[in-house]
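Work through the exercises below with the structure open. Each task is followed by its solution in steps.

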Amino acid sequence: MSLVGATLSSGGPHGPVAVRGVSLDSRTVQPGDLYAALPGFATHGASFAAEAVASGAVAVLTDPAGDALLTAAGVTHVPVLVISEPRAVLGDVAAVVYGRPADALRLIGVTGTNGKTTTAYLIEAALRAMGVRTGLMGTVETRIGDERLKSSRTTPEATELHAVLALMRERGATDVVMEVSSHALAQHRVDGAVFDVALFTNLSQDHLDFHGSMEDYFAAKARLFTPEHSRRGVVCVDDSWGVRLAAQSTVPVVTLGSHLGAVADWSVRPRTWPELVLTGRHGSVTLQCHLPGEFNIVNTAMAAVALVEAGYPLSNVAPAMGREPVVPGRMELVTATHPDPRRDPRGIVDYAHTPDAVEAALRALRSSTPGRLVVVLGAGGDRDRGKRAGMGAAARRWADDVIVTDDNPRSEDPAAIRSEIIEGMRDVLPYDADIASGRRGPRWSQSSSAGRAAHIANAVLAARREGVAGDNTVVVLGKGHETGQEIAGVVHPFDDRDALRAALDGLDYRPEAT
């Protein structure tokens, strides 16, 4: 642990204290904790230090501004460590307090704009198939063996990360798979942990409200491929960002490509559904791909290569990849309570919420939909506005019917968000030039304040009244596994999967009853 530049502003006469945990939130402080009082977007954490100390915090870590707040509040009777950038040391501090649990675990970290969750679940499922005791941390949930806890963010704060890793170690886990977000890398949340294998899936526009530019977004991702954060990497070179990352990484990397002519250490090609062929220096092997779409062929191959790079023989990895993972909200099939193939379209829920992800999801479903492809699409408020038009353009290009609805509008005007999506749909040519010949019916879009549940129900009705319902697909994009919808600062219960199932059952969706 390095606290270079830190000073002890108070508490000296009391002598050394034993620290048993670390907390960023005064409401979760336990007796014996170090309270990390960090500057926030609206309020400084030092404003709550008195409450933290009253709850049992035995020391405080903060910056000079926080130290001034502590002095003003009379919090001078516990040791206060003052450093200019406390967040930059918090990961190492937490690692030491919890006994450096990451050092005792095999860590595999997955970063990229799209595919993190699916790839992490594929790796974890294969590990379990090989009899390995695992942990999982990501967007959907945290798994400690068979125990499942809902995640509040893709990658937890450093304090929680090391506490959870310590618990995983205590419960007997040997391998942990994590999604590593760009926010986490920029905010030092994974400091104090070195990943045995780091994966890069791809990079496309997202989170520019936070990073400001694609260059800064890429730079955040690239931090994972440095000795401070990983020992080796697996990089998909299907986009120019991957090629660039492989060239500049300061840890050893192997590359994977799915395009013909790609120069890579590993190559992957579809064979026959649901099989793919993975070829590399260890030879060629056939793997099972349980999820639709070219992007899931790449996700499956990335998972397999990661396991090989982690030290597992390819001869063991290949059969283990045959275990079908359940990836919540990622190309998840939703059926009626009592399915009827004559009147029920195929129902899919997916988390796609970037232009590239929408394009990839709809392209995959387009090729497997004999009839009409109906998409329900929205975009989140208070987030990267620049991607909304691109999402609309992708939907118009690949779907027959596009219903524009609300996602999580947050503090923004929902109608304004829908308008930006629709603006991106204008003047975009559909994927199929034969549409003008009448081979398929006219395209249409809808935007109203009827609400997401009503729009999902309308999508099912549209799919049922055109052609053979069983040949049609309804896909709801954007929220995936989420179980709430944030409108004007209030999170309302809402699950796309339950709403789609209710629509297939011909029922009104009542989220308060689910």
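**Exercise 1.** Find which residues isoleucine 348 touches, leaving out those up to four places away in sequence.

*Solution.* The model is predicted. Start with the location: isoleucine 348 sits in strand S18, residues 346-350. Next, list its contacts. Isoleucine 348 touches Met331, Glu332 and Leu333, then Leu365, then Thr473, Val474, Val475 and Val476, and also Leu500. Now check the accessibility. Its relative accessible area is 4%, so isoleucine 348 is buried, given that buried means under 20%. Finally, take a distance. From C-alpha to C-alpha, isoleucine 348 and arginine 388 are 21 Å apart, with their positions 40 residues apart in sequence.

**Exercise 2.** Arginine 388 belongs to the contact between H13 and H14. At what angle do these two helices pack?

*Solution.* Take helix H13 (residues 388-398) and H14: their angle is about 55° and their axes are 6 Å apart. Classify the angle. H13 is therefore oblique to H14, as the value falls outside the roughly parallel range (under 35 degrees) and the roughly perpendicular one (65 to 115). Then the hand: the crossing of H13 past H14 is right-handed. Last, the residues. H13 contributes Arg388, Ala389, Gly392, Ala393 and Arg396. H14 contributes Ile417, Glu420, Ile421, Gly424 and Met425.

**Exercise 3.** Decide whether asparagine 408 is buried or exposed, and find its side-chain partner.

*Solution.* Asparagine 408 lies in the loop between strand S20 (401-404) and helix H14 (414-425). Its relative accessibility is 5%, so asparagine 408 counts as buried. Its side chain makes a polar contact with the side chain of lysine 479, at 3.2 Å. Beyond four places in sequence, the contacts of asparagine 408 include Ala379, Gly380, Gly381 and Glu482. Gly484, Gln485 and Glu486 are also among them.

**Exercise 4.** Describe the pairing of S23 and S24, and find the residue with a positive phi in their hairpin.

*Solution.* Strand S23 (residues 484-487) and strand S24 (residues 490-493) run antiparallel and are joined by four bridges. Across the pair, glutamine 485 stands opposite histidine 492. The hairpin has two residues between the strands, and alanine 488 takes a positive phi near 50°.

Compare this with the general rule: most residues other than glycine have a negative phi. Two further positive values occur in loops. Arginine 100 has phi near 45° and lies between helix H3 (87-97) and S6. Histidine 207 has phi near 60° and lies between S11 and helix H7 (208-211). Arginine 100, at 30% relative accessibility, counts as partly exposed. Histidine 207 is partly exposed too, at 25%.

**Exercise 5.** Write down the strand order of the open sheet with eleven strands, then place H9 and H10 on the sheet.

*Solution.* The order is S9-S8-S7-S10-S6-S11-S12-S13-S14-S15-S16, with mixed pairing. The edges are strand S9 (147-150) and strand S16 (283-288), each paired on one side only. Neighbouring strands are turned by 20° on average, direction ignored. Look at one pair: strands S12 (residues 233-236) and S13 (residues 253-257) are parallel over four bridges. There, glycine 233 has valine 253 as its bridge partner.

Now add the helices. Helix H9 (residues 240-248) touches S11, S12 and S13, and its direction makes about 150° with that of S12. Helix H10 (residues 294-309) touches S6, S11, S12, S13, S14, S15 and S16. For H10, the angle with the direction of S12 is about 160°.

Terms used
Residues are numbered from 1 along each chain as its sequence is written. This is a predicted model: local features need pLDDT of at least 70, side-chain atom pairs count only at pLDDT 80 or more; totals for chains, interfaces and linings use all residues. Side-chain values use heavy atoms; hydrogens and water are left out. Two strands pair if DSSP finds at least two bridges between them. Axes are lines fitted to C-alpha atoms, for helices over the stretch in contact, and angles run from 0 to 180 degrees between N-to-C directions. Contact means heavy atoms within 4.5 Å. Buried means under 20% relative accessible area, exposed over 50%, partly exposed in between (1.4 Å probe, protein chains only). A polar contact is a pair of N or O atoms within 3.5 Å; within protein, one must be able to donate a hydrogen and the other to accept it, and residues adjacent in sequence count only if both atoms are side-chain atoms. Angles under 35 degrees count as roughly parallel, over 145 as roughly antiparallel, 65 to 115 as roughly perpendicular and the rest as oblique. A crossing is left-handed if the near helix is turned anticlockwise from the far one by less than a right angle, and right-handed if clockwise.
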